[in-house]
Amino acid sequence: MKHLKLILILIVFTIGFTVKSRAQIVLPEVKIEAINYKYLNSVEAGAVALPVKRLQREVAAFDLKTSDFYEDEYDSYFVSFYIPEGEILAAYDKDGNLLRTAEKYKNVKLPTAVASTVAQKYSGWSIAKDVYLVSYYESKGITKVYKLILENGNKRMRIKTNEFGDII
């Protein structure tokens, strides 16, 4: 009886695998182009909040030539992207290459380096508000700044840090 069950199971598995292998469909070759990889490499270096990362990937993947407002006669296009936490104004050339961005996000999760620097240097202070600013230029690179408002009772203080937690 055990041998009969074992033989039946082997037959079912063998038939199942052969049916799948005969039913395969050959798909055409897919070409993937990373048009704005420089931008993605620049902005994704370091720890960034998840909503920020999603919006930045949307900006990099945006296909200008398939958009409704694309026309060959213009040399550059400005496109705005929004989420509740922030916005990006992106400039593209007529070929769809990302030239520059101006990004602003409010009250996003801070990188560990920034939060630990604030906790060490400003003990007793709490972060009331934060603004994350990113400026990307294809030729110059990227700058990332966190502007923080710290509170300690009735006292308020403004500080700026880079993405590594260094006070600017």
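**Helix H4, the strands around it and three salt bridges**

Thr112 and Gln120 are exposed and sit on the face of H4 that is turned away from the buried side of this helix. The description rests on a predicted model. Helix H4 spans residues 112-121. Its buried residues include Val114, Thr117 and Val118. These three cover an arc of only 95 degrees around the axis, so they fall on the same side of H4. Strands supply part of the cover over the buried residues of H4: S4 (126-137), S5 (141-152) and S6 (155-161) are among the elements involved.

The protein as a whole contains 4 helices and 6 strands. Read from the N terminus, the order of elements is α-α-α-β-β-β-α-β-β-β. The protein has 168 residues, and 29% of them are buried. Contacts between residues at least 6 apart in sequence were also examined. Of these, 45% join residues at least 24 apart.

The strand pairings were then followed along the chain. Strand S2 (residues 86-93) runs antiparallel to strand S3 (residues 98-106), and 7 bridges join the two. Glycine 86 has tyrosine 105 of S3 as its bridge partner. S3 also runs antiparallel to S4, again with 7 bridges. Here threonine 101 stands opposite tyrosine 136 of S4. Arginine 100 is paired with tyrosine 137, also in S4. S4 in turn pairs with S5 in the antiparallel sense, over 11 bridges. Tyrosine 137 appears in this pairing too, with glycine 141 of S5 as its bridge partner. Tyrosine 137 thus has a partner in the S3-S4 pairing and another in the S4-S5 pairing. The hairpin that joins S4 to S5 passes through 3 residues.

The hairpin of S2 and S3 has 4 residues between its strands. Glycine 96 belongs to the loop between S2 and S3. Its phi is positive, near 90 degrees. The relative accessible area of glycine 96 is 5%, which means that this residue is buried. Leaving aside neighbours within four places in sequence, glycine 96 is in contact with Ile35, Asn36 and Leu64. The C-alpha atom of glycine 96 is separated by 8.8 Å from that of serine 76. Those two residues are 20 residues apart along the chain.

A second positive phi occurs in the loop between S3 and H4, at asparagine 107. The value is near 50 degrees, in a residue other than glycine. Most residues other than glycine have a negative phi.

Asparagine 107 is also one of the contacts of aspartate 130. Aspartate 130 is found in strand S4. This residue is buried yet has no salt bridge. The nearest side chain of opposite charge belongs to lysine 106, 11 Å away. A salt bridge requires a side-chain nitrogen of Lys or Arg within 4 Å of a carboxyl oxygen. The side chain of aspartate 130 does reach a backbone atom: the nitrogen of valine 108, at 3.2 Å. Beyond neighbours within four places in sequence, the contacts of aspartate 130 are Tyr105, Lys106, Asn107, Val108, Leu110, Lys147 and Leu148.

Salt bridges were sought over the whole structure, and the search finds 3. In one of them, glutamate 44 is joined to arginine 57, with the closest N and O atoms 2.7 Å apart. Glutamate 44 lies in the loop between helix H2 (37-43) and helix H3 (50-61), and arginine 57 lies in helix H3, so the pair ties together parts that are 13 residues apart in sequence. Glutamate 44 is partly exposed, with a relative accessible area of 30%. Arginine 57 also counts as partly exposed, at 43% relative accessibility.

Another salt bridge joins lysine 144 to glutamate 163, with 3.4 Å between the closest N and O atoms. The pair links distant parts of the chain, 19 residues apart: lysine 144 is in strand S5, and glutamate 163 is in the segment after S6. Both residues of this pair are buried.

Glutamate 151 and arginine 156 form a further salt bridge, in which the closest N and O atoms are 3.3 Å apart. Glutamate 151 is partly exposed, at a relative accessible area of 29%. Arginine 156 has a relative accessible area of 51% and is exposed. The cut-off for exposed is over 50%.

Definitions and conventions. Residues numbered from 1 in each chain as written. Predicted model: local features only at pLDDT ≥ 70, side-chain atom pairs only at ≥ 80, totals over all residues. Heavy atoms only, no water. Buried < 20%, exposed > 50% of the residue type's maximum accessible area, 1.4 Å probe, protein only. Arc of directions from axis to C-beta. Contact = heavy atoms within 4.5 Å. Lys, Arg positive; Asp, Glu negative; His and termini not counted. Polar contact = N/O pair within 3.5 Å; in protein donor to acceptor, adjacent residues only side chain to side chain. Pairing = 2+ DSSP bridges.
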